[in-house]
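Here is a colleague's note to read with the structure open beside you. Take the points one by one, and find each residue on screen as you go.

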Amino acid sequence: MTLRAENIEFSYNSRRVLDRVSLHLRPGRLTGLIGPNGSGKSTLLCCLDRILKPGQGSLFLEGRDLARLSARALAREIGYVPQNGAQSVAATVAEVVLLGRRPHLRFRVGPEDRRAVQEALAALGLTGLAERYFDELSGGEKQKALLARALAQETRILLLDEPTSNLDLRHQLEVLDLLTGLKESRQLCLAVSLHDLNLAARYADDLVLLHQGRVAALGEPALVLTPENLARVYGVRARVDLDSRGRPLIRVEAPLPPEEIPSGGDTRNHD
């Protein structure tokens, strides 16, 4: 299952947020979306899940025009986890996770639905919290419950907006390790927006660096996370070393004065 975006444009009123963005999500690969705040990462994820309708451009799911799929059919193929999900829900954790089965439910909850919920809870370490009310959870636990809901949906494409935003360091690694395992065992397509560039470098197979709504760079982490790109897009002076796997290790040294921030450069989209 692949998902391709071609020349996506989106505006809020007259403000252009995405400008001719193209990318290709492939099975068994985690694509990281990175860029400064306001660069369009969350908007792009919402367009990929058809929560927002692009003003221009096309989306193709395994070659099929995404616009032709019903909402129910789309929900069987694509799962979405927002950055800040529901903060107040009068339901238990198990009931929240069960909501992920809605695209598959017919008249009642069946054995397959219960199995999917139990497996999702176990995968996120939430089995012991299944009967707790969602409102009683910490921010990190709520985020993990929403991720479990997406896993219970059993889609082949997962879009995740800052899934580690409310988690401490250990749980950030646990969630990204889990996603890596699922990517490999289930051959999922994953698109994950990340704020932490070192986490993105460690876990992503491909990176899409967004800047002012356009693709500033796309490719393997070592090709995207260069000192030149970090200077141009983030306005910082950074040192980039490579670990034993050839993954970038970034150390930000200082903000650049405005007059030293490079302008221009290649903002074309790449496949």
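1. Let's begin at a pocket. Helix H2 gives the largest share of the lining of the largest pocket, namely four residues. H2 covers residues 71-75, and the other elements that give two or more residues to this lining are strand S6 and helix H5 (139-152). Please keep in mind that you are looking at a predicted model.

2. Stay with the largest pocket for a moment. The space in it comes to about 380 Å³. Its lining is made of 16 residues, and those nearest the centre are Ala75, Ile78, Leu99, Pro103 and Gln153. Sorted by class, the lining has eight nonpolar residues, five charged ones and three polar ones. As a general idea, empty space can be found by rolling a probe the size of a water molecule over the atoms.

3. Now turn to the second largest pocket, with a volume of about 220 Å³. Which element gives the largest share of its lining? That is strand S4, with four residues. You can pick out the lining residues on screen: Arg50, Lys53, Pro54, Gly57, Ser58, Leu59, Phe60, Asp65, Leu66 and Ala67. By class, five of them are nonpolar, three are charged and two are polar.

4. Strand S4 also belongs to a sheet. Four strands form an open sheet in the order S2-S1-S4-S5, and the pairing is antiparallel. The edges are S2 and S5, each of which pairs on one side only. A good way to learn this sheet is to go through its pairs, which is what the next two points do.

5. Start with S1 and S4. Strand S1 (residues 3-12) pairs with strand S4 (residues 56-61) in the antiparallel sense, over five bridges. Two positions help you to see this. Glutamate 9 stands opposite glutamine 56 in S4, while arginine 4 has phenylalanine 60 of S4 opposite. Phe60 is also in the lining of the second largest pocket, so try showing the sheet and that pocket together.

6. Next come S4 and S5. These strands are antiparallel too, and two bridges join S4 to strand S5 (residues 64-65). Leucine 61 has arginine 64 in S5 as its bridge partner. How many residues lie between the strands of this hairpin? There are two, and glutamate 62 takes a positive phi near 50 degrees in the hairpin.

7. At the other edge of this sheet, look at two residues of strand S2. Serine 22 is found in S2, which spans residues 15-25. Is serine 22 buried or exposed? It counts as buried, because its relative accessibility is 15% and the cut-off for buried is under 20%. A polar atom of the serine 22 side chain lies 2.8 Å from the backbone nitrogen of asparagine 7.

8. Aspartate 19 lies in S2 as well. With a relative accessible area of 17%, aspartate 19 is buried. Its side chain makes a polar contact with the side chain of arginine 16, at 3.4 Å.

9. There is another open sheet to find. Six strands form it, in the order S6-S7-S8-S3-S9-S10, and here the pairing is mixed. Strand S6 (78-81) and strand S10 (214-219) are the edge strands, each pairing on one side only. From one strand to the next, the twist averages 15 degrees. S6 should be familiar, as one of the elements that help to line the largest pocket.

10. Within this six-stranded sheet, look at S3 and S8. Strand S3 (residues 29-34) and strand S8 (residues 189-193) run parallel and are joined by five bridges. Leucine 33 stands opposite serine 193 in S8.

11. Finish with glutamate 260, in the segment after strand S12 (248-255). This residue is partly exposed, because its relative accessible area is 42%, which falls between the cut-offs of 20% and 50%. The side chain of glutamate 260 makes a polar contact with that of arginine 237, at 3.3 Å. For a sense of distance, glutamate 260 and leucine 44 are 216 residues apart in sequence, and their C-alpha atoms are 29 Å apart in space.

How values were computed: Residues numbered from 1 in each chain as written. Predicted model: local features only at pLDDT ≥ 70, side-chain atom pairs only at ≥ 80, totals over all residues. Heavy atoms only, no water. Buried < 20%, exposed > 50% of the residue type's maximum accessible area, 1.4 Å probe, protein only. Polar contact = N/O pair within 3.5 Å; in protein donor to acceptor, adjacent residues only side chain to side chain. Pairing = 2+ DSSP bridges. Axes fitted to C-alpha atoms, helices over the stretch in contact; angles between N-to-C directions. 1 Å grid on protein atoms, 1.4 Å probe; cavity = no way out; pocket = protein on both sides within 12 Å on 5 of 7 lines; lining within 4 Å. Points joined across faces, edges and corners; volume = space filled by probe spheres on them. Nonpolar A, V, L, I, M, F, W, Y, C, P; charged D, E, K, R; others polar.
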